Amino acid sequence: MPPSISAFQAAYIGIEVLIALVSVPGNVLVIWAVKVNQALRDATFCFIVSLAVADVAVGALVIPLAILINIGPQTYFHTCLMVACPVLILTQSSILALLAIAVDRYLRVKIPLRYKMVVTPRRAAVAIAGCWILSLVVGLTPMFGWNNLSAVERAWAANGSMGEPVIKCEFEKVISMEYMVYFNFFVWVLPPLLLMVLIYLEVFYLIRKQLSKKVSASSGDPQKYYGKELKIAKSLALILFLFALSWLPLHILNCITLFCPSCHKPSILTYIAIFLTHGNSAMNPIVYAFRIQKFRVTFLKIWNDHFRCQPAPPIDEDLPEERPDD
């Protein structure tokens with residue numbers, strides 16, 4: 001008999017479905033925009049597509065699995081473990097994509113003349129593949145043994161039961177908090193976030209340094225180049241800020257769970273933290289639409305061509321990246 005759903009669970013499911021309905025179409029639109037607009041084909045936007053793929057998977061896969069876990073079905077331990085791991089893989093993929101974007105923007109302002117020789121499409125593809133392979137390794141580590149199976153088996157045996165334990169599927173019941181804090185957070189989340197902050201600070205420093213130089217008749221193009229880079233860097237730094245704002249609360253709660261087991265965590269805080277992590281997957285397309293003009297114009301063209309049946313004029317690939325007042 002399936003477990004009954006309370007009014008609170010129904011509200012939770014409703015909010016999760018709403019997030020998924022925004023996240024999936026929004027990020028599909030990002031991928032579509034890069035496909036149809038030749039001006040969105042450089043390395044940065046390839047990494048943005050990788051980030052969008054992870055966000056589509058959050059809406060299409062992780063959120064349905066989170067709803068399933070919230071209902072709390074009775075499953076075998078390893079079945080529940082497989083349900084819990086995808087969010088770890090996709091979170092790590094997002095972090096590494098953001099790190100790749102930050103490094104790419106740094107190279108654009110540090111070595112602008114050699115950038116296209118250093119960051120080739122082949123190297124960008126290798127970097128994206130490497131990010132996903134590393135994400136799979138990090139996210140599937142609990143499947144290789146770093147999990148709560150031994151504790152669950154002891155409790156299972158104490159009840160006189162035999163065979164693989166059958167449990168109420170919950171994230172914290174199968175995923176080790178030592179793994180989440182010491183390995184996932186302290187190694188694969190926090191250091192990359194801090195590194196990205198340092199990279200963007202250096203990017204802004206280098207751009208400001210170039211823009212502060214005396215403008216002459218022959219320096220118009222460099223001024224335009226670095227002005228464009230500053231606007232793009234601001235938009236991508238905002239994406240990083242929103243990611244950190246969305247994910248740090250849940251990791252802080254995990255630290256409290258590990259280091260202060262007796263501390264009371266209001267369940268509403270946990271739900272808010274979960275909503276923030278899932279909601280982050282829906283934020284990026286909105287930022288692109290409002291902050292990056294090439295995306296905004298391409299989104300409108302797709303809308304007019306395929307949904308309003310009113311073909312838009314061809315996209316001007318020389319459009320400025322952002323609004324003049326951004």
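**Exercise 1. Determine how many cavities of 30 Å³ or more there are, and describe the largest cavity.**

*Solution.* Step 1. The count comes to one cavity of 30 Å³ or more. A cavity is a set of points, on a 1 Å grid over the protein atoms alone, where a 1.4 Å probe fits but cannot get out.

Step 2. The volume of the largest cavity is about 120 Å³, a volume being the space filled by probe spheres set on the points, which are joined across faces, edges and corners.

Step 3. Its lining, meaning residues with an atom within 4 Å of a point, consists of 15 residues. Nearest the centre of the largest cavity lie Asp55, Val58, Ser94, Trp247 and Thr277.

Step 4. At least two lining residues come from each of α2, α3, α10 and α11, and α11 gives the largest share, with five residues. Helices are DSSP runs of H or I with at least four residues, numbered from the N terminus.

Step 5. By type, the lining divides into seven nonpolar, seven polar and one charged residue. Here Ala, Val, Leu, Ile, Met, Phe, Trp, Tyr, Cys and Pro count as nonpolar, Asp, Glu, Lys and Arg as charged, and the others, Gly among them, as polar.

The model is predicted: local features need pLDDT of at least 70, side-chain atom pairs count only at pLDDT 80 or more, and totals for chains, interfaces and linings use all residues. Residues are numbered from 1 along each chain as its sequence is written, and side-chain values use heavy atoms, with hydrogens and water left out.

**Exercise 2. State how many salt bridges the whole structure holds, and work out which parts the pair Asp42 and Arg108 ties together.**

*Solution.* Step 1. The search finds seven salt bridges, each a side-chain nitrogen of Lys or Arg within 4 Å of a carboxyl oxygen of Asp or Glu.

Step 2. In the pair Asp42 and Arg108, the closest N and O atoms are 3.6 Å apart. Because Asp42 lies in the loop between α1 (7–36) and α2 (43–71) and Arg108 in helix α3 (residues 77–110), the pair ties together parts that are 66 residues apart in sequence.

Step 3. Asp42 is partly exposed, at 25% relative accessible area, whereas Arg108 is buried at 13%. Buried means under 20%, exposed over 50%, and partly exposed in between (1.4 Å probe, protein chains only).

**Exercise 3. Find the parts that Arg105 and Glu229 tie together, and name the residues linked with them in a network.**

*Solution.* Step 1. Arg105 and Glu229 form a salt bridge at 2.8 Å, N to O. Arg105 belongs to helix α3 and Glu229 to helix α10 (residues 220–259), so this pair joins parts 124 residues apart in sequence.

Step 2. Arg105 is buried at 4% relative accessible area, and Glu229 is buried at 2%.

Step 3. The network of salt bridges links Asp42, Asp104, Arg105, Arg108 and Glu229.

**Exercise 4. Locate the parts that Glu172 and Lys265 tie together, and say how far apart in sequence they are.**

*Solution.* Step 1. The side chains of Glu172 and Lys265 meet in a salt bridge of 3.5 Å, N to O.

Step 2. Glu172 is in helix α7 (residues 171–174) and Lys265 in the loop between α10 and α11 (267–291), so the pair connects parts 93 residues apart in sequence.

Step 3. Glu172 is partly exposed at 40% relative accessibility, and Lys265 is partly exposed at 22%.

Note on methods: On a 1 Å grid over the protein atoms alone, a cavity is a set of points where a 1.4 Å probe fits but cannot get out, and a pocket is an open set with protein on both sides within 12 Å along at least five of seven lines; lining residues have an atom within 4 Å of a point.
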